Amino acid sequence: MGFARACSVALVGVDGVVVEVQADLEPGVAAFTLVGLPDKTLVESRDRVRAAVVNSGADWPQKKLTVGLSPASVPKAGAGFDLAVAIAVLGAAGVVDPAAIADLVLIGELGLDGRVRPVRGILPAVLAATEAGHRQVVVPLQCAAEAALVPDVSVLGVRSLRQLIAVLTGGELPEEDPGDPSGRPDPMSAGLLVPGAGLGTGLAPGRRGGDCTDVPDLADVTGQHTARRALEVAAAGGHHLFLTGPPGAGKTMLAERLPWILPPLTRQDSLEVTAVHSVAGILPPGEPLVSRPPYCAPHHSATMQSLVGGGTGTPRPGAVSLAHRGVLFLDEAAEFPGKALDALRQPLESGHVVVARAAGVVRLPARFLMVLAANPCPCGRHTRQGAGCECPPSAVRRYQARLSGPLLDRVDLRVEVEPVTRGDLLGRGGRGESSESVADRVREARERAGARLAGTPWRLNSEVPGTELRTRWRAAPGAPAQAERELERGLLTARGLDRVLRVAWTVADLRGRDRPEAPDVAVALELRTGISRGAMSLTGAGT
């Protein structure tokens with residue numbers, strides 16, 4: 001009779017639970033029983049583990065074998081438990097010392113030849129292990145860099161089960177085939193990418209490393225001075241933005257350049273974003289840490305599950321989570337299903353999304369900056385003057401009503417993107433500012449806001465509750481008077497007034513002021529209502 005235990009991690013969304021893998025050997029007819037609420041993939045590990053152990057040169061115990069995964073109430077999915085099951089069995093058989101593996105966390109899939117294949121979700125799994133007090137983890141060699149992002153943990157990357165057995169028994173480390181030297185993609189890394197997930201989904205367009213010579217630049221945008229200023233305000237304060245205008249005016253160009261005027265992610269934010277991308281299976285090989293704000297632009301045919309998360313079995317991250325700490329761009333927003341758009345209202349307010357399924361309830365991070373872009377009518381040529389539009393007024397109203405009032409009430413900035421003029425297209429107005437120049441002002445504005453909000457749960461102006469803006473951080477005396485009159489006239493809701501004050505603080509930060517004054521509130525009100533009041537014509541950054 002023999003008994004041994006090792007540890008692994010079960011992922012529920014992007015949160016991990018340490019699972020104790022117990023192996024028990026008893027006299028009797030040779031059999032292998034796996035218990036503890038495993039899914040189909042995990043049940044099949046019995047055959048993978050047996051073949052891997054035998055092909056690694058170890059003897060498979062010819063006894064009654066029971067492997068339990070505890071706690072049994074937690075659903076367990078995937079092939080990442082293979083390595084822990086194999087080592088627990090070898091510990092029960094006396095091949096390795098059971099005491100040496102009792103607190104060892106092992107994560108990895110086993111091939112039939114004993115090679116250790118990488119799995120998704122290594123970073124959140126190692127984070128969960130360290131939070132539970134474990135300080136030694138064993139992962140596939142291809143995932144060692146990702147696991148090493150977690151501080152205060154000893155990471156051992158192994159290429160095969162043979163190597164791990166040699167390390168645990170103190171034997172000579174066997175040499176393993178380093179792989180194909182021709183430069184082709186490593187087939188062992190295929191498990192890191194989910195087929196159909198779209199490599200690069202959630203990553204900002206353009207090169208992310210090196211000198212970034214091919215990243216989108218705001219200087220490429222022709223004209224659109226008001227929209228460019230609104231983009232700067234959105235980046236500085238984390239405010240949601242709605243761009244409406246005819247086709248070809250530059251709405252998509254503006255949205256694609258927004259991630260490059262945002263500050264780089266902090267270390268904590270990078271870990272959060274990388275964890276989501278690792279679980280989703282879209283983390284690029286060779287880039288264990290996402291350092292730039294992500295960018296996610298789903299097609300307008302996207303379902304509600306693909307936007308907020310879900311799917312069969314355990315819910316998976318959706319577009320709102322892939323855009324966490326970055327930009328979610330919904331082009332042709334009026335073409336999205338109404339229920340899918342309205343499902344965004346909860347994460348827009350809370351910064352996370354809770355998905356309930358029969359397999360469990362998952363809480364996923366979703367603190368993103370949303371950019372909506374839409375045509376003003378079905379033909380796209382409708383303007384305030386109605387020039388060139390052949391759509392009947394009823395069709396225009398129906399088209400614009402596809403974006404619900406409660407959703408738009410959560411959007412701070414609404415800008416009408418005008419058609420590009422011939423003079424702008426020929427460059428007569430001069431080349432606009434580069435993304436680098438705008439990014440410097442955004443960074444300075446965020447530093448001012450960060451110093452003011454230090455010691456609070458909030459980091460950006462868009463996150464500050466309205467009660468704090470009316471009591472703790474007041475605007476200059478008389479500055480909000482115009483916005484308050486719009487509230488009394490019914491042109492602003494109470495939420496809208498709070499959002500005007502938030503944007504006013506961002507404008508003040510861009511201008512270097514200690515608190516918002518009347519011109520700052522006027523700019524915020526114009527950006528909120530989309531009604532031109534002459535405030536945007538004032539000079540000054542971010543106005």
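**View 1. Elements covering the buried residues of helix 2.** In this predicted model, the cover over the buried residues of helix 2 includes strand 3 (31-35), helix 1 (40-43), helix 3 (82-92), strand 6 (109-110) and helix 7 (161-169). The residues beneath are Ser45, Arg48, Val49, Ala52 and Val53, all from helix 2 (residues 45-55). Their arc around the axis spans only 125 degrees, so they sit on the same side of helix 2. An α-helix has 3.6 residues a turn, so residues three or four places apart point the same way. Glycine 57 follows helix 2. Its phi is positive, near 90 degrees.

**View 2. Helix 3, one of the elements covering helix 2.** Helix 3 is itself mostly covered, with eleven of its eleven residues buried. The buried set holds Asp82 and Gly91. It also holds Leu83, Ala84, Val85, Ala86, Ile87, Ala88, Val89, Leu90 and Ala92. Glycine 94 comes after helix 3, and its phi is positive, near 85 degrees.

**View 3. Packing of helix 8 against helix 18.** Helix 8 spans residues 225-237 and helix 18 spans residues 435-452. Their axes lie 8 Å apart, at an angle of about 40 degrees. The two helices are therefore oblique to each other. Their crossing is right-handed.

**View 4. Residues in the contact of helix 8 with helix 18.** Helix 8 contributes Glu232, Ala235 and Ala236. From helix 18 come Val438, Arg441, Val442, Ala445 and Arg446. By class, the contact has five nonpolar and three charged residues, with no polar ones.

Terms used:
Residues numbered from 1 in each chain as written. Predicted model: local features only at pLDDT ≥ 70, side-chain atom pairs only at ≥ 80, totals over all residues. Heavy atoms only, no water. Buried < 20%, exposed > 50% of the residue type's maximum accessible area, 1.4 Å probe, protein only. Helix = DSSP H or I, 4+ residues; strand = E, 2+ residues; numbered from the N terminus. Arc of directions from axis to C-beta. Contact = heavy atoms within 4.5 Å. Axes fitted to C-alpha atoms, helices over the stretch in contact; angles between N-to-C directions. Parallel < 35°, antiparallel > 145°, perpendicular 65-115°, else oblique. Left-handed = near helix turned anticlockwise from the far one by under 90°. Nonpolar A, V, L, I, M, F, W, Y, C, P; charged D, E, K, R; others polar.
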